[in-house]
Amino acid sequence: MRVKDELVCTRRVEGLKAASLRVLESQAGKLLVATDPVGAPIGKWVITTSGSAARLAMPDVKIMTDLTICGIIDNWSE
């Protein structure tokens, strides 16, 4: 997936805590929101994990998420 934008969300449920959020675009053009513990910049391709594994990729496994950025891809051509 590619990072499209940062998402600012000041009103959120307690379970989301202060997790950074990013808007991601899949190769099919679908937009999704993911938590971002690695600080992925806009425009970069990233590796993600979803479902229950997404919580395990966060520094705090109690954060409510089902999509998490796990790594930034250094070199990727479309």
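These legends accompany several close-up views of one predicted chain.

The model is predicted, so local features need pLDDT of at least 70 and side-chain atom pairs count only at pLDDT 80 or more, while totals for chains, interfaces and linings use all residues. Residues are numbered from 1 along each chain as its sequence is written, and side-chain values use heavy atoms, with hydrogens and water left out.

**View 1. The whole chain holds one helix and five strands.** From the N terminus, the order of elements is β-β-β-β-α-β. Helices (H or I, at least four residues) and strands (E, at least two) are DSSP runs, numbered from the N terminus. Along the principal axes, the C-alpha atoms fill a box of roughly 40 × 25 × 20 Å. The radius of gyration is 12 Å, which agrees with the value near 12 Å for a compact globule of 78 residues. That radius is taken over C-alpha atoms, and the globule rule is 2.2 Å times the number of residues to the power 0.38.

**View 2. Surface and charge of the chain.** About 5100 Å² is exposed, and carbon and sulfur atoms supply 52% of it. Accessible areas come from the Shrake-Rupley method with a 1.4 Å probe; for residues, only the protein chains shown count as cover. Of the 78 residues, 32% count as buried. Buried means under 20% relative accessible area, exposed over 50%, and partly exposed in between (1.4 Å probe, protein chains only). The chain carries 10 positive and 9 negative side chains. The centres of these two sets lie 4 Å apart. Lys and Arg count as positive, Asp and Glu as negative; His and the chain ends are not counted. Each charge is placed at NZ of Lys, CZ of Arg, CG of Asp or CD of Glu.

**View 3. Cys9 and Cys70 in a structure with zero disulfides.** Cys9 counts as partly exposed because its relative accessibility is 28%. Cys70 is also partly exposed, at 37%. A disulfide is a covalent bond between the sulfur atoms of two cysteines. Here the test is a pair of cysteine sulfur atoms within 2.5 Å, and the structure holds zero such pairs.

**View 4. Glu14 and Lys17 in the loop between S1 and S2.** The loop lies between strand S1 (2–7) and strand S2 (21–25). Glu14 is exposed, with a relative accessible area of 75%. Its C-alpha atom is 8.8 Å from that of Ile63, a residue 49 places away along the chain. Lys17 counts as partly exposed because its relative accessibility is 41%. Phi of Lys17 is positive, near 50°. Most residues other than glycine have a negative phi.

**View 5. Lys62 and Met64 in the loop between H1 and S5.** The flanking elements are helix H1 (52–56) and strand S5 (67–72). Lys62 counts as exposed, at 63% relative accessibility. The C-alpha atoms of Lys62 and Leu16 are 8.5 Å apart, across 46 residues of chain. Met64 is partly exposed, with a relative accessible area of 43%. Between the C-alpha atoms of Met64 and Lys17 the separation is 8.5 Å, with the two residues 47 apart along the chain. Met64 touches Val13, Gly15, Leu16 and Arg55, leaving aside residues up to four places away in sequence. Contact means heavy atoms within 4.5 Å. Across the chain, 47% of contacts between residues at least 6 apart in sequence join residues at least 24 apart.

**View 6. Gly39 in the loop between S3 and S4.** Strand S3 (31–35) and strand S4 (46–50) bound this loop. Gly39 counts as partly exposed because its relative accessibility is 46%. Gly39 touches Arg22 and Ile72, not counting residues up to four places away in sequence. The C-alpha atoms of Gly39 and Ser52 are separated by 21 Å, and these residues are 13 apart along the chain.
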